[in-house]
Amino acid sequence: MAQNHDETPVLIALTKSMSGTRWPLGGQAFVIGRGADCDLVVPERQVSRHHARIRRAGEGFVVEDLGSRNGTYVNGAVVEQPVLLQDGDVLQIALALELAFVGTEATVPLALGEGGPGGFGRLRMDPDAHRLWVLGSEVDPPLSPPQYRLLELLYRNQDRVVAREEIVMYVWPGAEGEGVSEQAIDALVRRVRDRLAEADSGHSYVVTVRGHGFRLSNPPLRARG
């Protein structure tokens with residue numbers, strides 16, 4: 001029996017330049033990469049010619065990295081072996097493209113279908129456009145460059161704690177030799193927390209892990225109570 005179209009899983013672009021674009025996943029392997037022979041062509045230098053592949057595995061779909069230079073991620077975690085996709089997972093192809101995996105066409109969120117910022121976390125970022133959404137609303141005025149870089153670093157590494165040394169290198173490139181005090185880092189974290197609290201006072205996004213660094217807490221948007 002042919003599969004009902006509404007039951008076909010889809011990928012939906014979250015990155016601004018392609019936001020809302022959909023790619024249904026059928027029974028064949030779906031290859032993402034820079035090469036013209038890919039099912040989803042991403043013409044960015046940081047994307048490998050054949051970067052990642054999504055294929056059916058039993059009753060579900062898995063994504064696997066194809067030896068790319070800049071990595072494939074699911075919900076911020078690097079893909080080192082095939083990962084079984086769950087409804088609402090966010091895939092990142094290098095730093096060039098973010099995609100949402102939605103289990104069926106029938107459950108595509110309305111905001112995504114309309115090309116809005118959408119996303120599945122309470123906090124969503126578009127690093128290429130330097131834009132930030134919290135609870136579906138864009139943060140305006142924008143964060144300062146250091147604030148944005150700090151949040152972007154945590155956003156790209158949601159699966160782990162980011163050390164203070166990494167923050168210095170990413171937020172203040174070239175400043176390692178001059179030294180950045182812990183007080184400066186703490187002050188920056190505090191300002192980011194204050195800006196996020198203006199948009200969502202019900203959740204603390206930047207979590208301090210004493211003795212180690214900081215991590216981002218970004219629960220699913222649909223989990224908001």
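Angles of 65 to 115 degrees between axes count as roughly perpendicular. The legends below refer to a predicted model.

**Figure 1. Packing of helix α3 against helix α4 in the predicted model.** The axes of α3 and α4 lie 11 Å apart and make an angle of about 75 degrees. The two helices are therefore roughly perpendicular to each other. From α3, the contact takes in Arg-164, Ile-167, Val-168 and Val-171. Their counterparts in α4 are Glu-182, Ile-185, Asp-186 and Leu-188. Sorted by class, five residues of this contact are nonpolar, three are charged and none is polar.

**Figure 2. Packing of helix α2 against helix α4.** Helix α4 spans residues 182-199, and its axis is 10 Å from that of α2. The angle between α2 and α4 is about 85 degrees, which means that α2 is roughly perpendicular to α4. On the α2 side, Pro-146, Gln-147, Leu-150 and Leu-151 take part in the contact. On the α4 side, the residues are Leu-188, Val-189, Arg-191, Val-192, Arg-195 and Leu-196. The contact of α2 with α4 consists of seven nonpolar, one polar and two charged residues.

**Figure 3. Packing of helix α2 against helix α3.** Helix α2 covers residues 145-156 and helix α3 covers residues 164-171. Their axes are 9 Å apart, at an angle of about 130 degrees. This angle makes α2 oblique to α3. The crossing of α2 past α3 is right-handed. Helix α2 contributes Pro-146, Arg-149, Leu-150, Glu-152, Leu-153 and Arg-156 to the contact. These meet Glu-166, Ile-167, Tyr-170 and Val-171 of α3. Six residues in the contact of α2 with α3 are nonpolar and four are charged, with no polar residue. Pro-146 and Leu-150 of α2 appear in this contact and also in the contact with α4.

**Figure 4. The open sheet β12-β13-β14 and helix α2.** Three strands form this sheet in the order β12-β13-β14, and their pairing is antiparallel. Strands β12 (123-126) and β14 (137-138) are at the edges with a single partner strand each, so one side of each has no neighbour in the sheet. Strand β13, residues 131-134, is joined to β14 by two bridges. Trp-133 is placed opposite Glu-138 of β14. Helix α2 lies across β12 and β13, and its direction is at about 110 degrees to β12.

**Figure 5. Strand β3 and its partners β4 and β5.** Strand β3 consists of residues 30-33 and is covered on both faces. Phe-30 and Ile-32 are buried on one side, and Val-31 and Gly-33 are buried on the other. In a regular strand, side chains alternate between the two faces of the sheet. Strand β5 (residues 52-57) runs antiparallel to β3 and is joined to β3 by three bridges. Opposite Val-31 stands Arg-53 of β5. Strand β4 (residues 40-41) pairs with β3 in the parallel sense, over two bridges. Gly-33 has Val-41 of β4 as its bridge partner.

**Figure 6. Context for the close-up views: the protein as a whole.** The secondary structure comprises four helices and 16 strands. Of the 225 residues, 44% are buried. Among contacts with a separation of 6 or more, 46% are between residues 24 or more positions apart.

Definitions and conventions:
Residues numbered from 1 in each chain as written. Predicted model: local features only at pLDDT ≥ 70, side-chain atom pairs only at ≥ 80, totals over all residues. Heavy atoms only, no water. Axes fitted to C-alpha atoms, helices over the stretch in contact; angles between N-to-C directions. Parallel < 35°, antiparallel > 145°, perpendicular 65-115°, else oblique. Left-handed = near helix turned anticlockwise from the far one by under 90°. Contact = heavy atoms within 4.5 Å. Nonpolar A, V, L, I, M, F, W, Y, C, P; charged D, E, K, R; others polar. Pairing = 2+ DSSP bridges. Buried < 20%, exposed > 50% of the residue type's maximum accessible area, 1.4 Å probe, protein only.
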